[in-house]
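Here are some notes for a colleague opening this structure for the first time. They are set out as numbered points and can be read alongside the view below.

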Amino acid sequence: MSKKASKRSSATRKSASRKLKGGYHFKLLAVDLTTGRVKQQPIGEDFALKYIGGRGFGAKLLYDHLDQIKEPLDPSNVIIIAPGPLTGAFLPASTKTSFVSLSPLTGIYGDSSMGGNWGVELRQAGYDGVVITGRAKELSYLWIDDDDVRVVPAPRLAGKGSLEAAGMIKGDLGDDDVKIATIGPAGENLVRFASVNCDWSRNSGRAGMGAVMGSKNLKAIVVRGSKDIPVADIERLRRATEASLVELASHHLFKFWQEQGLMSVIDYVNSAGVLPTRNFSDGVFAGAERINGFVMEQQYKIGDAACFACPMSCSNICLVKDGRYRGTVTEGPEYETACMYGSNLGVDDFSAILRANQLCDELGIDTISSGSLIGAMIEACESELLTAEDVDGLRLAWGNHEAILALAAKIAHREGIGDTLANGSRAVIERWPQLEPLVLQVKGMEQSAYDGRATLSMALAYGTCDIGASHNRAWTVAKELELGATWGLEEKADIVIYHQTVRPLFDMLGVCRLPWIELGFDESHYPEYYAAITGAETTLEELLAKSRAIYDLTRIISCGKGISRKDDYAPRRLFELPIQSGPWAGRKIDRAEYDALLDLYYDKRGWDRDGIPPAEVAAQFKDAVA
């Protein structure tokens, strides 16, 4: 047998032995920006089956690079960008891509997922993920056009906003359809909660992924793909998808969801008494009816937008037609932005919220972190813990949206006081220790827009979240408020762990969690999708077990950076300051009860009482990629 025939035979045997018949291209794109070297890195079937994709790929690859990383903003850090095997397939909301790195905000494991169309295009270019190391000599973008991959110097993009830079690149290429993930001035200036933007208003917002790109002199990643996404059984996938679309459309809230998207949550959360109000000093905002979904719909909305293959189309395109911010047009806001730049800052002017949304997209900063830090600064000024001189003469007061927008810009450009805020909660506390009770953070990440004092499970979710005080691992507020009146600690620990298992699974598969969390779309659909796309039969329990293992892995990564029980507490304010009004007036978290719940949580996870997974758990992640 000739060598060529022997190679063909070997390849045939390998292919025939695969249980996976679709879902993957079985290759990553490895890019060293320091040398400009690009190579295709094969991945094995066992790797794909075990880590699934998206966040799973990212966590494993970050773990493999840990020994070489000096610190998050050093060129030695790695950023992994990975869709999942379901991304880009014909099924509802198959759109997600995960950005994974050592976070410059927290110094531990970090990730953030992004919707839109960028990940779909990467899959069509023939890759299951991109692994980027090093630092380019000058500001550049990464160009991926199927097999044509290059680092392109782009110094003229320096200082440009995310949207402006994307427009300039499209103009240079003469291609309006190319997909671009880009950073703004905040990323270039290494703001530790800088975001990555694509498709106008889709962001990888949390954990500072934009700063990691900035530290690498990487302004953007531009993708154009022309290949088919491998699907094992297209007819099976078609049947499953069409049945799912009918099911989703029959939900009584489906049309309302299309009309308002996540903005519909404001009224619910305000009536439940857990709306962030004036830096979480309260859970009810008197001006909520002036910033809710109905105001958006009746006065500002001019169109809908949706991510790839999503029937929910939760995005709203809004235009300010008159007044101070006349001409502002943006895709958004979503709930978190509307709250963190609205009720949390005492702002009841919806046009100002739209301007903040547009500004943060262009600057490339996370609206949750920046809104939280600005709230702490306003409270500090209102309570005379800081003076106007301390904050560069800005007249920081509840509702003063002009000063708020000015401070957001100063953060992105690291001007004056903005330079301190740009380094996150820990830097603020280090400079002004008297502000510690006002700064709501866990592990250095600022808390999301749900008050955890009314629901002990949400406080635990914030405290134990692997990236910091983020809601996107376990949003248990509604379940506990609606169903938890008689719940004991065991039920509360169980629901947090289940959310921390099923929600990461969506990121691993590369799909949006909103059909499940908002419309009750049964998670049992996903094993059927997975089987149709990959050809591998599985069960929901098996998929959840893989997701739970990834949560162990991210914990192991962070424990290696010093994380333990001391870091697993909800923000200090939740224990010390009662909610002032509404149905939960007087409510705060009892520390002894929280400690008992935390013990139970560790026991159920199989970690010790200091929150450390046993050594044998780490051993299972020593396997090879290829």
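1. Which residue in β5 is the bridge partner of S98? The partner is S113. Please keep in mind that this is a predicted model. Strand β4, which covers residues 97-102, pairs with β5 in the antiparallel sense, and six bridges join the two.

2. The wider setting of that pair is an open sheet of six strands. Read across, the order is β2-β1-β6-β3-β4-β5, and the pairing is mixed. The edges are formed by β2 (37-42) and β5 (109-114), each of which pairs on one side only. On average, neighbouring strands of this sheet are turned by 20° against each other, direction ignored. As a general matter, strands of a sheet pair through backbone hydrogen bonds, either parallel or antiparallel.

3. The structure holds three cavities of 30 Å³ or more. The largest cavity has about 960 Å³ of space. Its lining is made up of 47 residues, and those nearest the centre are K96, N203, L262, E334 and R513.

4. Which elements supply at least two residues each to the lining of the largest cavity? They are the edge strand β5, together with β11 (202-204), α12 (335-340), α13 (350-363), α14 (367-382) and α21 (514-519). Helix α21 gives the most, with four residues. By residue class, the lining of the largest cavity divides into 21 nonpolar, 15 polar and eleven charged.

5. S448 sits in a loop, between β17 (445-446) and α18 (456-464). Is S448 buried or exposed? S448 counts as buried because its relative accessible area is 0%, and the cut-off for buried is under 20%. Leaving aside residues up to four places away in sequence, S448 touches R206, F280, E336, I368, Y462, A469, S470 and H471.

6. T420 belongs to helix α16, residues 417-421. Why does T420 count as buried? Its relative accessibility is 12%, and under 20% is the requirement, so T420 falls in the buried class. With residues up to four places away in sequence not counted, the contacts of T420 are A427, V428, R431 and W432.

7. To go back over the main items: β5 is an edge strand of the six-stranded sheet, and β5 also supplies at least two residues to the lining of the largest cavity. S448, in its loop, and T420, in helix α16, are both buried.

Technical notes
Residues are numbered from 1 along each chain as its sequence is written. This is a predicted model: local features need pLDDT of at least 70, side-chain atom pairs count only at pLDDT 80 or more; totals for chains, interfaces and linings use all residues. Side-chain values use heavy atoms; hydrogens and water are left out. Buried means under 20% relative accessible area, exposed over 50%, partly exposed in between (1.4 Å probe, protein chains only). Contact means heavy atoms within 4.5 Å. Two strands pair if DSSP finds at least two bridges between them. Axes are lines fitted to C-alpha atoms, for helices over the stretch in contact, and angles run from 0 to 180 degrees between N-to-C directions. On a 1 Å grid over the protein atoms alone, a cavity is a set of points where a 1.4 Å probe fits but cannot get out, and a pocket is an open set with protein on both sides within 12 Å along at least five of seven lines; lining residues have an atom within 4 Å of a point. Grid points are joined across faces, edges and corners, and a volume is the space filled by probe spheres set on the points. Ala, Val, Leu, Ile, Met, Phe, Trp, Tyr, Cys and Pro count as nonpolar, Asp, Glu, Lys and Arg as charged, and the others, Gly among them, as polar.
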